[in-house]
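Me: Can you walk me through this one? I'd like short answers.

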2 protein chains.
Amino acid sequence: MTMNRTVRLARRPQGLPPADTWAIADEPVPQPGEGEVLVRVKAISLDPAMRGWINEGRSYIPPVAIGEVMRAGAVGEVAESRHPDFAPGDAVAGGFGVQRFAVARALDLERIDLRVADWPTWLGVLGMPGMTAYFGLLDVGALKDGETVVVSAAAGAVGGLVGQIAKIHGCRVVGIAGGPDKCRHVVETLGFDACIDYRKGDLVRRLAAAVPDGLDIYFDNVGGETLEAAISLLRRGARVVICGAISGYNDFTKITGPRNYLNLLVQRARMEGFIVFDYAGRYPEAKRQIAEWLRAGRVTAKEDVQHGIDRFPEVLNMLYTSRNFGKLVLVP
Amino acid sequence: MTMNRTVRLARRPQGLPPADTWAIADEPVPQPGEGEVLVRVKAISLDPAMRGWINEGRSYIPPVAIGEVMRAGAVGEVAESRHPDFAPGDAVAGGFGVQRFAVARALDLERIDLRVADWPTWLGVLGMPGMTAYFGLLDVGALKDGETVVVSAAAGAVGGLVGQIAKIHGCRVVGIAGGPDKCRHVVETLGFDACIDYRKGDLVRRLAAAVPDGLDIYFDNVGGETLEAAISLLRRGARVVICGAISGYNDFTKITGPRNYLNLLVQRARMEGFIVFDYAGRYPEAKRQIAEWLRAGRVTAKEDVQHGIDRFPEVLNMLYTSRNFGKLVLVP
């Protein structure tokens, strides 16, 4: 008999989560109730925000409880259905968690179209990172054609799409990423105008040279010194979009605020945070648009697909050590 | 023959400006050219921003040069006119600087009406601080009726009016000020709902108790720990209006950024700076409205009027040591 393999939260970690944060085990495959379906998980999304979800205390959503299956967005195939709208073989997305089989309510499922893109892409530019890039740049950032846009973690799932959307809008786009391979990808494949390798140091000076007239939008995924460097280069009326601060996720006590935040005053600029879930009602609009760009070859999707549910602990930590390259996806 | 007495910038200070920052001297009264007027200065506005104007390096306006008369907004009476629109005795406002007589171009003058309010009030709620409070709260802060508003430096020229305008809009308003006298004034005279004396310590806990459901707008004049305390109490969709950061003006190296700025993300909040000069085209609208509130007794103006141009160095420093009480004005 087929078993379900699950990754549950065993304890709350300090810093970078060690392997014993997680309990990996085989369990009976759960049975769907009335109105539910059983999903065979094909690919699991690994996201920076996961580190926050396993801390104690409520943030924008409650933490994952000890003993609970680790929360994760995922895509999969319906294996068994007790709802008339779904049949075995249907491709769906949902919050299936880090496991091989999940039971989900039919009304929580979203259908995905594998003719548009393969499983991992539905977790990348057509999934949460795509939604984050789209609404963060266009709505929160209020992008205008021809502006100068800087984005950190530019080789990542969100950053890579932010820059590509900005290019579609005729912007000058400068990425910040770690290492020559990522920087080459960002410029050559994603089409950014330039990419700064933050590992080479001297970020402020090199970023200033790349945006000699300053920047209109800084899309921040990392926080820390990178955020400060960008704030020093704001143009009049600039917007800083706070999407995340991965540099501080494993030690919140080390998070520093931007010491030069008064430049917001000098430049009549704003810094604004957002949570992509607030835009759920508009996901279909964003997905249609991104799918169209994909088909037209105006957006390139890049996923970093890792295999084996047992490798979840180490694969997750790739995010926090800057070792993934593109949207990180685990095939369980 | 009458002489002009001037305060010129002698050197760029470190920290709180010592007396030898300034050169005070008698000079011949300047002569107006064609299209200009000579103004006898009646009252000079002393503002926190002055500390920034005497630092080297361009901020939102160029610094005052060494040897230049110190920049200041002021009000006065036309003593001599070489422009048909102005006659001796007319009451005017302009950037007259710290001196007893000033020559100004007629087109840079604004007429003031002494039947509406006396000289000092035209530097307070009807002057730059009034404009700052009005546009900062209503435009940048996008105040909505019934919200919860927190304002620092609540006994000051800007803060006091911010709170009163918010009360007119049916808001719950909590001030932060230094010492029991100021706090009493803020509640009893200005009509705030509460005022926290930051000198008593434990600001976060006491502010949290005063706004148990969090705050919608924080109007920041001070920066530092007060800003951080307010950010910890943001409600969903809150706005932090960055008006100033007087706590850091005398030592920019000590300015810290708010370590909890990621709460902007959790609460989908924004932090935005502004410069009141950008609203110059709308000053008449704001002055009409504030004058109406003054007449109706819905706004109380409080100025701290000091006398003697020779006392400029010490009077200015009252701002940075929290010793003024209301809009600080110098009668030269």
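Me: Through which surface do the copies meet?
Reply: Through the same surface, because 100% of the interface residues of chain B are also interface residues in chain A. This is a predicted model: local features need pLDDT of at least 70, side-chain atom pairs count only at pLDDT 80 or more, and totals for chains, interfaces and linings use all residues. Residues are numbered from 1 along each chain as its sequence is written, while chains are lettered from A and ligands numbered from 1 in the order in which they are written.

Me: What turn lays chain B on chain A?
Reply: A turn of 179 degrees, with a shift of 0.0 Å along the axis and an RMSD of 0.1 Å. That is the relation of a two-fold axis. The fit is by least squares on C-alpha atoms of residues with pLDDT of at least 70 in both copies.

Me: Which residue of chain B comes closest to the rotation axis?
Reply: B:Gly257, with its C-alpha at 2.0 Å.

Me: New topic. How many residues has the largest nonpolar core?
Reply: It has 204 residues. Such a core is a set of buried Ala, Val, Leu, Ile, Met, Phe, Trp, Tyr and Cys residues joined through C-beta atoms within 7 Å. Buried means 20 or more other C-beta atoms within 10 Å of a residue's own, with C-beta atoms placed from the backbone.

Me: Which residues have the most contacts inside it?
Reply: A:Val39, A:Leu215, B:Val39 and B:Leu215.

Me: What is A:Val39 in contact with?
Reply: Leaving aside neighbours within four places in sequence, its partners include A:Val78, A:Val92, A:Phe96 and A:Phe101. Contact means C-beta atoms, placed from the backbone, within 7 Å.

Terms used: A residue is buried if 20 or more other C-beta atoms lie within 10 Å of its own, exposed if 12 or fewer, and partly exposed in between; C-beta atoms are placed from the backbone. Two residues are in contact if their C-beta atoms, placed from the backbone, lie within 7 Å.
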